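Work through the following exercises with the sequence and the model at hand. Each task is followed by a solution in steps.

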Amino acid sequence: MEKHKAEFSIAATEDITDAVCPLTFVRAKAALEELEAGDVLALRMNDGEPVQNVPRSVKEEGHKILKLTDNADGTYTLFVRKTGE
Amino acid sequence: MEADYAALKKGGFMRQVQKNRFSLRLKVVGGNLTAEQIETVARVSRAFGKGYVHLTSRQGVEIPFIRLEDVNAVQEALRAGGVDTGVCGPRVRTVTACQGASVCPSGCIETSELAAEISARYYGRTLPHKFKFGVTGCQNNCLKAEENDVGVKGAYIVRWCKEDCSLCGVCLKACREGALSAADGEIVIDTARCNNCGRCVKSCPTDAWRGESAYLLSFGGMFGNKIARGRSVLPAFRDKDTLFRVTDAALNFFDAHANDGERFRVAVERGGWDSFEHAVQEAYNGKA
Ligand code: SF4
Ligand code: SF4
Ligand code: SF4
């Protein structure tokens, strides 16, 4: 499941493992706002509530989720392609 | 003037501590009131009450401090402004609902229309004791389905479509029941664990999960003097005709088997869950 590395290049990374709901999503949203449409954000988040809910919130904002990978350290990375307004 | 308290109570006038003062219960369906109705209520509370309303625990609205001699005038003013009075006593009460799928992103079923349909069919029907319906749009259960005599909960019956799946992995974590796993390029669902919450459908970025709206019913909840959680006796099912066949059967069972003044739950327990489940199952299978 690691072939994504060849499929897209990452424009920015954001680590939200130090945030709790609802700041997890606020921080993700802010990070996406910094980017241009089409850019990919790598969003690192904790297992549990963040990984259960943040991907869905990002989807509901209209962005394109590419992949969720398990970092095997209690965190996950969500790759998101920003869509235009 | 001799007051007929039973008739007043039936019409939603609740006797207060203060002599000849009544808190008037209004009819609210699914927790929604139009702006016009709210204006009417505001006017009536100023003219005949004390200029405030009380919101009950079940989405009801009461206008306190109505005087006995104003009862008819109040009813007329309300009716003219599109507001009905409520009911109390041993009958089907306010049908409550959350906003459901028409408004809430988590919703699996439409709730407002359904509450209106349930209300149109049963509201005010006399039974051996009070009887409450509540409709909640999904497993988040904001409306607390299981504390009602009959609770309706929105659900999704879900199906995975391989051709649309990018194997992104999001649904595996979105599912809180641990019902999903990935194996050999497939997403596998353990249906025994699936609670029909629909979180896989809502979170999937490629819409590879398809969800069909369905109802999960619970029976025999109560949350007053005695507390009991409504029980589920049927799987999630899709169609509204079945829903009403089953609820008809539940109310008829209550009517036929309860002693006067006995709550639905107590009647079912006295008669035995087996015989109740049998009645519901027959209705579910289309035999009632
Ligand atoms: S129960 Fe579900 S549909 Fe209803 S308000 Fe809560 S989250 Fe929304
Ligand atoms: S409906 Fe809910 S419980 Fe069932 S598989 Fe989807 S996320 Fe899991
Ligand atoms: S969320 Fe959708 S695309 Fe991603 S693995 Fe699950 S079914 Fe496949």
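**Exercise 1. Determine how many cavities of 30 Å³ or more the model contains, and state which ligands sit in them.**

Step 1. The search runs on a 1 Å grid over the protein atoms alone: a cavity is a set of points where a 1.4 Å probe fits but cannot get out, whereas a pocket is an open set with protein on both sides within 12 Å along at least five of seven lines; lining residues have an atom within 4 Å of a point. Grid points are joined across faces, edges and corners, and volume is the space filled by probe spheres set on the points. By this rule there are two cavities of 30 Å³ or more.

Step 2. The model is a predicted one, in which local features need pLDDT of at least 70 and side-chain atom pairs count only at pLDDT 80 or more, while totals for chains, interfaces and linings use all residues. Residues are numbered from 1 along each chain as its sequence is written, chains are lettered from A and ligands numbered from 1 in the order in which they are written, and side-chain values use heavy atoms, with hydrogens and water left out.

Step 3. The largest cavity holds about 100 Å³ of space, and the second largest about 80 Å³.

Step 4. A molecule sits in a cavity or pocket if more than half of its atoms lie within 2 Å of its grid points. Ligand 2 takes the space of the largest cavity, and ligand 3 sits in the second largest cavity.

**Exercise 2. Describe the residues that line the largest cavity and those that surround ligand 2.**

Step 1. The lining of the largest cavity includes B:Val158, B:Cys175, B:Ala179 and B:Leu180. Its residues divide into eight nonpolar, three polar and one charged, where Ala, Val, Leu, Ile, Met, Phe, Trp, Tyr, Cys and Pro count as nonpolar, Asp, Glu, Lys and Arg as charged, and the others, Gly among them, as polar.

Step 2. A residue is near a molecule if one of its heavy atoms lies within 4 Å of it. Among the residues around ligand 2 are B:Cys175, B:Glu177, B:Cys194, B:Cys197, B:Arg199 and B:Cys200. This shell has seven nonpolar, three polar and two charged residues.

**Exercise 3. Identify the closest residues to ligand 3, and characterise B:Leu167 in the lining of its cavity.**

Step 1. Of the 13 residues surrounding ligand 3, the closest are B:Cys165, B:Cys168, B:Cys171, B:Cys204 and B:Thr206. Ten residues of the shell are nonpolar, three polar and none charged.

Step 2. The second largest cavity has 14 lining residues, and B:Leu167 is one of those nearest its centre. The lining comprises eleven nonpolar, three polar and no charged residues.

Step 3. B:Leu167 lies in the loop between β7 and α5 (170–174) of chain B; helices (H or I, at least four residues) and strands (E, at least two) are DSSP runs, numbered from the N terminus. Its phi is near 55°, a positive value in a residue other than glycine. Most residues other than glycine have a negative phi, and most peptide bonds are trans.

Step 4. B:Leu167 has a relative accessible area of 23% and is therefore partly exposed; buried means under 20%, exposed over 50%, and partly exposed in between (1.4 Å probe, protein chains only).

**Exercise 4. Which residues does A:Leu68 contact, and is A:Leu68 buried or exposed?**

Step 1. A:Leu68 is in strand β3 (residues 64–70) of chain A.

Step 2. Contact means heavy atoms within 4.5 Å. Leaving aside neighbours within four places in sequence, A:Leu68 contacts residues including A:Val51, A:Tyr76, B:Cys168, B:Gly169, B:Val170 and B:Lys173. B:Cys168 is also one of the closest residues to ligand 3.

Step 3. A:Leu68 counts as buried because its relative accessibility is 6%.

**Exercise 5. What is the volume of the largest pocket, and how is its lining composed?**

Step 1. The volume of the largest pocket is about 550 Å³.

Step 2. Among its 21 lining residues, those closest to the centre are B:Arg58, B:Lys130, B:Lys132, B:Gly224 and B:Arg263.

Step 3. By class, four lining residues are nonpolar, eight polar and nine charged.
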